[in-house]
Amino acid sequence: MNARRNTKTAAASIAAILALSAVLAGCSGGAKESTPAAGKAADGKMEAKTEAPLEVSIMTILLTPSPAADDNPIKKAIEKATNSKMKIQWVSGNNYADKLNVTLASGDIPELILINDPFTSVFRNSVTQGAFWDVAPYIKDYPNLSSKISKTAWDLTKMQDGKNYGIPRPRPSEADNFFIVRKDWLDNLGLKVPTTTDELYDVMKAFAEKDPDKNGKNDTVPFAANVNPTDMGALGQIENSFTGVNGRWKLLDGKFVHTSFLPETRKSLEFLTKAYKEKLIPEDFAALKLTQTGDLFKAGKAGIISDKAGTMVDYYDKLKVVQPDFKQENFYPITSINGYNPKGPGFSGMMSIPKSVPEAKMKRILKLMDTWMSDEVFAIQQYGFEGTHHTVKDGVKVINTEKLAADNGADFNQIAYVADPYASSTKVFFPKEVNALYTKIQDERAKNSVADISTGLFSPTVQKALPEYEKKVQDLKTKIILGREPITAWDEFVTKMKADADMVKMSQEMTEAYQKRSGGK
């Protein structure tokens with residue numbers, strides 16, 4: 001369901017959902033034993049025999065001050081629509097990780113549990129010990145689980161044995177952070193949206209030297225970018241555009257190679273060193289925080305930033321203050337550079353079912369989640385009840401956000417969620433023409449977007465040695481860009497590290513982990 005469809009009235013009202021809950025419970029594509037059977041009533045007419053409600057214990061995270069009570073109206077409506085009775089243990093986000101570890105270690109695990117990070121050693125150990133169901137063989141029977149969660153999310157939540165020990169909590173996989181450019185600045189200078197690193201450089205140079213905001217001052221920052229202690233931060237978008245890699249590892253001739261060893265990484269350092277000398281990136285980029293790069297853009301001083309198109313709402317009001325004629329379509333997402341743009345992982349944690357749950361009940365839990373993810377049922381927590389949490393005007397739901405929050409609507413997203421695939425690009429309150437533009441750009445990006453295929457791969461040596469290595473890598477990159485070290489220092493470093501025993505072992509282990517997870521493909 002994209003952002004444009006979010007504005008439409010749901011196919012059925014909440015009242016209709018409740019009245020038809022038995023139908024919903026029986027037709028969501030689940031396991032055979034959960035389909036209502038038919039029998040004869042005393043008058044000889046056929047009647048439906050529905051199952052007793054599924055009683056299920058759930059543990060999930062709480063990101064608001066107070067949890068939903070057991071008689072919460074939204075909870076009760078979801079239970080009615082999914083033919084369930086949920087006993088929910090809400091755990092504060094401040095200590096969820098600790099509580100989860102204790103719960104996993106105890107062996108007394110709720111029947112449906114949020115694993116907020118599927119790749120911790122504690123969860124990996126639980127999986128190795130056979131504590132959780134592999135749900136992958138069953139998902140084909142549940143249309144919403146299979147269609148409303150991206151293949152990327154299912155692929156990247158596979159564990160080291162290639163199995164899925166949970167249902168990914170979906171997030172948009174397309175339109176991840178990438179370059180946003182001031183289109184009005186391009187138009188002022190007669191420039192096109194860049195598509196290559198050479199064109200990007202020309203745009204940055206023009207933004208530095210040709211007064212793109214037409215204020216008669218030399219006060220513009222071409223690219224508001226920073227770096228972090230262990231990675232390239234926003235400057236990583238330039239490096240990745242050279243390497244074509246989203247992440248720190250590239251699969252090259254069937255083997256995983258750290259991106260620091262790629263010749264394209266060296267080329268990106270040459271690009272950035274020259275850009276720094278010519279003042280195309282902030283002089284204090286090495287000290288800037290991400291929020292400060294955003295401040296530069298909001299102040300109308302920067303021409304390019306790394307962000308998602310859907311974050312325009314965070315910038316627009318501030319830009320209108322400094323430039324009253326600023327139009328939303330001038331917040332312009334670049335489609336790709338050198339044919340590269342990043343794809344997100346498509347998930348944020350996952351919901352897992354312990355093996356202590358019998359198979360028949362496990363299937364009913366999958367059906368619960370599948371039914372919950374239907375448009376009609378998900379609308380309960382998304383919009384609440386008409387007249388209480390929203391009104392309908394011209395076919396559009398106008399939400400009383402305060403009342404919906406008071407009734408914990410969004411909290412239920414921490415159990416079941418349906419990700420709008422265009423949520424990173426569009427918003428219901430953006431103008432139609434802007435949403436149309438951003439949708440078109442996202443669709444173009446989707447043709448060649450690249451995910452980080454190393455997500456979740458397990459290597460003991462990576463756990464031990466990579467963090468320190470990447471600190472050294474980033475320290476040297478920053479010094480080279482600042483001119484404190486020559487580019488030859490990079491060559492010497494790479495030559496030395498290629499022969500490093502830990503680096504060799506990391507590459508081997510990552511390659512083996514990838515082959516095992518992908519079934520040798």
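This section describes the confidence of a predicted model, one of its helices, a buried histidine and its aromatic pairs.

The model is predicted, and local features are reported at pLDDT of at least 70, side-chain atom pairs only at pLDDT 80 or more, whereas totals for chains, interfaces and linings use all residues. Residues are numbered from 1 along each chain as its sequence is written, and side-chain values rest on heavy atoms, with hydrogens and water left out. The protein chain has an average pLDDT (the predictor's confidence in each residue, from 0 to 100) of 90, and 90% of the residues score at least 70. Over residues 1-48 the pLDDT stays under 50. For that segment the model has 84 contacts (heavy atoms within 4.5 Å) beyond four places in sequence.

Helix α18 comprises 14 residues, 432-445. Helices (H or I, at least four residues) and strands (E, at least two) are DSSP runs, numbered from the N terminus. From the first C-alpha of α18 to the last, the distance is 20 Å, close to the expected 20 Å at 1.5 Å a residue, where the expected span is 1.5 Å times one less than the number of residues. Buried residues (under 20% relative accessible area; exposed, over 50%; partly exposed, in between; 1.4 Å probe, protein chains only) in α18 are V434, N435, Y438, T439, I441, Q442 and R445. Viewed down the helix axis, the buried residues of α18 fall within an arc (of the directions from the helix axis to the C-beta atoms) of 165 degrees, and therefore line one face of the helix. The exposed residues K432, E433 and K440 are carried on the face of α18 turned away from its buried side.

H389 is located in the loop between α16 (375-383) and β14 (390-393). Its relative accessibility is 0%, so H389 counts as buried. A polar contact (a pair of N or O atoms within 3.5 Å; within protein, one able to donate a hydrogen and the other to accept it, and residues adjacent in sequence counting only if both atoms are side-chain atoms) joins the side chains of H389 and D407 at 2.7 Å. Beyond four places in sequence, residues touched by H389 include I74, Y383, V398 and L404.

The structure contains 22 aromatic pairs (rings of Phe, Tyr and Trp, the latter by its six-membered ring, with centres within 6.5 Å; planes under 30 degrees apart are stacked, over 60 edge-to-face, the rest tilted). The ring centres of F297 and F331 lie 5.8 Å apart with planes at 80 degrees, so this pair is edge-to-face. The pair links distant parts of the chain, with F297 in helix α13 (residues 290-298) and F331 in strand β12 (residues 331-333), 34 residues apart. F297 counts as buried at 0% relative accessibility, and F331 counts as buried at 0%. One aromatic cluster is formed by F178, F179, F223 and Y340.
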